[in-house]
Structure formats: C-alpha cells, structure tokens
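Trainee: Could you take me on a close look at one part of this protein, and then show me how it fits with the rest? I'm new to this, so please go step by step.

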Amino acid sequence: MTRPKLAVHGHFYQPERRDPFSGQIAPQPAAAPYHDWDARIDAECYKPNAERGNLRHISYDLGPTLASWLKTNDPSTHQGFVDSDLPEEIVDRDCGNAMAQAYHHAILPLASLADRRTEIRWGLRDFDLRFGRRPTGIWLPETAVDLSTLRILAEEKVRYTILAPWQAADSRLDTGRPYRVELGGRRSIVVVFYDAALSAAASFEPDATVNADAFARDRILPRFAGPAFPDGTPVMALIATDGELYGHHQKFRDLFLARLVNPGPGVPDRGFDVTTVGQVVGSTPASAFPPTQIVERTSWSCHHGVLRWTGECPDASDGRWKAPLRAAFDRLASAIDVIAGGLAGKFMEPGALWRARDEYVDVIFGTETPDGFARRWLPLATPERREAFLVLLEAERWRLAMFASDGWFWGDPIRPETKQVMLCAAKAARLIDDAAGTDLESRLVGDLSLLSSPSRRIDGSAIYREALADAGQPLG
Ligand SMILES: [Zn+2]
C-alpha cells in the first residue's frame, strides 16, 4: 500500500530594494514600524519560519536578491535557510529542499535568449555558492515558461521545475504525479504541477488555514480519494504559494505551516505522509516520469499568458503603460549591449565580454573581488583597461536588474517597484554614457515620455525624474 504524499513549496522572494546609486534602502513608511518591507517581512515570516524549523520539511526557493538582504541584515535567518536544505534525514545531495531561482526575477519568456541564459546561470551559481551544492531544481519567476527557457534549463543540467496546472497542455492532466516534458535533441525536464485547489485555498481563503488539522482532514485528504496510479506511484499533492503567505500575507500561518508539515508525535495519523519536491524528483531520471506538454508563454499569476508584464492584462487596473515601458527598456538594453561590446572589443576577443558577464555573479556574491575578476579575465591589460572592463559589467548588471518583473506587475508605474527598475535603468545608462560619451539617458527619457501614470497623470519621464530626485541623483 503506497501512502499518498503531501509536499509544500514556498517561493521566498523580495525584489532588490537598494537604490543602485547609494546601496541603501529608502525608508518605506507603509512598512512601519519597520524601516522597509524587507525588515518587516523578515520579522513576520522569514525569521519565524526558519526558527520553527518549517524549512526542513518543505521545498523552497530563496530569491538571490532576498538572500543577499538576509545575509547582511539577518545572518541567522539566512543561515537557517541554508542549513534547512539538507536536514540529516536527506542523504542524497540531489534531493535537498532548496531550489535555485533565476537571478533578478525577470519574466524569462519576455527576455532575450542571452539574458535568459545569464539570469539562469547567475541563479544556479548563486545557489551553488550559497548552499554549497549544485542545484537540481530551479524556480522560474512567476513560473513564466516556454520551451526555449526549458531547453536552457536542461542544457544547464537543471532536472526539475514547478508549474501551475493550467500551464499543462492537457487541461485534465492528473497533477498527482510529476511529468516529463520532452524538449527535443534528447533533452527533457521534469515538471511538477501544483494542486490548484489546495494552493488557492492556502493563498486566498484565510478561514481554511486557521487550523492545520482541519485543513489536512477537510481539504487535503479528499484530494487523495481517487484511485492510486496503476503502476504503483503514490499520489502526490503539491501546495505551491509565495513563501510570504506563512506569516506575512496571513498572520500566524507560520504556526499553521509548522503543524501541517511537522505535526509531531502527539498528532493522530492523517492518512498521508509529508515529503518535498526534491525528495520525489531530485535524483530520479526524467525517463521514469510519464510525458506531457506545456502551454508556452504562460505563468502562475496571470491567466492571460504573460500579458501582466507586457500589456493590458484584465487583472491589472491599467496596463497601458506596460508595453511602452518594456519597449523603452528593450531599446536601452540593445544599445548598452552594442556599445559595451564595441568598447570591450578594443581589449578582448569577440564574445569574451558575454562569457565574463555570465560569471560576474561571483563578484556580486562577493566570492571574488572586482580587481581579482578583472585580472583573471585581462591578465595583461593596463589598470585603466581593467577598470573600463568592470564598468561595462556593472552596466550590464543593472540593465539586467531593470527587468525585474515587479516593475510591471501593478496597475500604475508611479509605484516604488517601477521607480526601482527605472533607477536600475538610469544607473546602467549613466555608466555607459560616462564610459562611451553617448547620450542613452536622454533617449531613455524621451521613450519614457510615451507612458503615463493613470493616478497622477504625469508621464514616464516625470516619474523617472521623481525617482532620481528622491535618490539624490537628479537628472541634469
Ligand atoms: Zn492576466
């Protein structure tokens, strides 16, 4: 008799909130009594979940921008996330609890292929440096997916990811087991589709998660009522939500999670076992799972594909500003790449800058100094050339960061999330303009004037000026 299994995945993520010019987070009054949202959500969610040992019993991804904040501002909680990856009972290092995350939380199907590779490589490398092992699974930002993205994952030896059930081409697919998606060229990847009903109840029905025992009995157990799989595979249900649900989006749900995944000896048998995604698929060959197909350019938090981050998705109050913002940033990114490639061509072979970009995450993580990195790539160059090389990589870093999905998620570009991505764009443009004598920033300002805030009725160039003035970097 194979007992059914419950797995819980928490997607723990915050965007980069540090101003790229000062490296500081501006006070966020709405997060009072805390200085900013990172501090508040840490107190309400990250710290209690780490301290209660919840992470030892769930799957989770810890976004690199959040991980970096935690490491600086709450090292013991950061260590809790790291140590919970491989509790003593998990002996196979491929089966750890933690998953990587694409680095800046960009919507990968909307990114260039080169940017997707960099975001994925940075995410995998950050994980390796942080957790001390090569990751086997990766979380795609907003679970936004297409076949090209999955092929890059497979090339990078990623074995599995998690998707929403409506991202499966077969709308009646039984999500009670993992599947294999064939990618051509003898590549494939394992996809675990989460349970829509359980995940929605956990996320959006506060009354359902007041009592973990009742949730287990009334919500989870009925999901296991159907027949077992004919081949003996135990039925599995995955609850996947934002990790911040457990204590921040909903108070005290860190306690709910503790009771649900680690009930302790006094609790009567519930009729199912608790496992993690890593333990179910971490070291099992993809060929062991039945095949299925995905719907391309879909995501978990938009039912209109990836429109939420690129156009007028009906779920957002106003999306008219999103396409011009993306067009402005796409044009800036192309220009930066052309100019940076041209400058680098004076002292590097063609293509070397882009290979260096893929490894630059080591400098951001701090495992290599900027000078050491530049000497490794340009051992014979003058100090001025090495300095110029590092400026190009910093420009590339911020032009990657400006595509964080948060900038497009809401209904108004006046929000701090959009101002933050504008600051990243400004930082990147100014680094290149200073290095090359170009005027990318003026062109960016002109492009931004084509979008407008529905609430304030000011255009994007005025929002950009406001963000820069607040950061103490006014537009000249
Ligand atoms: Zn939508």
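Mentor: Let's start with aspartate 318, which in this predicted model is partly exposed, because 15 other C-beta atoms lie within 10 Å. A residue needs 20 or more such neighbours to count as buried, and 12 or fewer to count as exposed, so a count of 15 falls in between. Aspartate 318 sits in the loop between strand 10 (291-292) and helix 10 (322-344). If you set aside the neighbours within four places in sequence, aspartate 318 is in contact with Gly411, Asp412 and Pro454. Now look the other way along the chain: phenylalanine 272 is 46 residues from aspartate 318, and their C-alpha atoms are separated by 44 Å.

Next, the domains. The chain is divided into domain 1 (5-301) and domain 2 (317-470). Their centres, taken over C-alpha atoms, are 29 Å apart. Where the two meet, 25 residues of domain 1 are in contact with 19 residues of domain 2. The side of domain 1 that touches domain 2 has 12 nonpolar, three polar and 10 charged residues.

One place to look is where helix 4 and helix 11 pack, at an angle of about 35° and with their axes 8 Å apart. From helix 4 come Ala114, Arg117, Thr118 and Arg121, and they meet Trp354, Arg357 and Asp358 of helix 11. By class, that contact has two nonpolar, one polar and four charged residues. Notice the numbering on the helix 4 side. An α-helix has 3.6 residues a turn, so residues three or four places apart point the same way. Helix 4 also lets you check a length: at 1.5 Å a residue its 19 residues should span 27 Å, and its end C-alpha atoms are 27 Å apart, so the two agree. Right after helix 4 comes glycine 132, with a positive phi near 75°.

You can repeat the length check on helix 14 (residues 383-401). Its 19 residues should also span 27 Å at 1.5 Å a residue, and the end C-alpha atoms are 27 Å apart, which agrees. The buried residues of helix 14 are Phe389, Leu392, Leu393, Glu394, Ala395, Glu396, Arg397, Trp398, Arg399, Leu400 and Ala401. Among the elements that cover them are helix 4 (113-131), helix 10, helix 11 (352-359) and helix 16 (416-436). Helix 12 (361-365) and helix 13 (370-377) are also included in that cover.

Now for the inside. The largest nonpolar core has 135 residues, and Ile138, Val191, Ala425 and Ala428 touch the most other members. Helix 16 gives the largest share of this core, 10 residues. Both domain 1 and domain 2 are represented in the core, with at least three residues from each. Take valine 191 as an example: beyond its close neighbours in sequence, within four places, valine 191 is in contact with Tyr160, Thr161, Leu163, Pro178, Tyr179, Val181 and Ile294.

Valine 145 makes a good contrast with the residue we began with. Valine 145 counts as buried because 27 C-beta neighbours lie inside 10 Å, whereas aspartate 318 is partly exposed. Valine 145 is also in a loop, the one between strand 4 (138-139) and helix 5 (147-155). Leaving out neighbours within four places in sequence, its contacts are Pro109, Leu140, Leu150, Leu163, Gln167, Ile294 and Thr298. Leu163 and Ile294 are in contact with valine 191 too. Leucine 86, 59 residues away from valine 145 in sequence, is 28 Å from it, C-alpha to C-alpha.

Finally, some backbone details in the loops. Arginine 186 has a positive phi near 60°, though it is not a glycine. Arginine 186 lies in the loop between strand 6 (179-184) and strand 7 (187-193), and it counts as exposed because it has 7 C-beta neighbours inside 10 Å. Arginine 457 is another residue other than glycine with a positive phi, about 60°. Its loop runs between helix 17 (440-448) and helix 18 (460-470), and with 9 C-beta neighbours inside 10 Å, arginine 457 counts as exposed. Last comes the peptide bond from alanine 32 to proline 33, which is cis, with omega near 5°. You will find proline 33 in the loop between strand 1 (5-12) and helix 1 (37-51).

Terms used:
Residues are numbered from 1 along each chain as its sequence is written. This is a predicted model: local features need pLDDT of at least 70, side-chain atom pairs count only at pLDDT 80 or more; totals for chains, interfaces and linings use all residues. Helices (H or I, at least four residues) and strands (E, at least two) are DSSP runs, numbered from the N terminus. Two residues are in contact if their C-beta atoms, placed from the backbone, lie within 7 Å. Domain bounds come from an automatic or database domain assignment. Ala, Val, Leu, Ile, Met, Phe, Trp, Tyr, Cys and Pro count as nonpolar, Asp, Glu, Lys and Arg as charged, and the others, Gly among them, as polar. The expected span of a helix is 1.5 Å times one less than its number of residues. A nonpolar core is a set of buried Ala, Val, Leu, Ile, Met, Phe, Trp, Tyr and Cys residues joined through C-beta atoms within 7 Å. Axes are lines fitted to C-alpha atoms, for helices over the stretch in contact, and angles run from 0 to 180 degrees between N-to-C directions.
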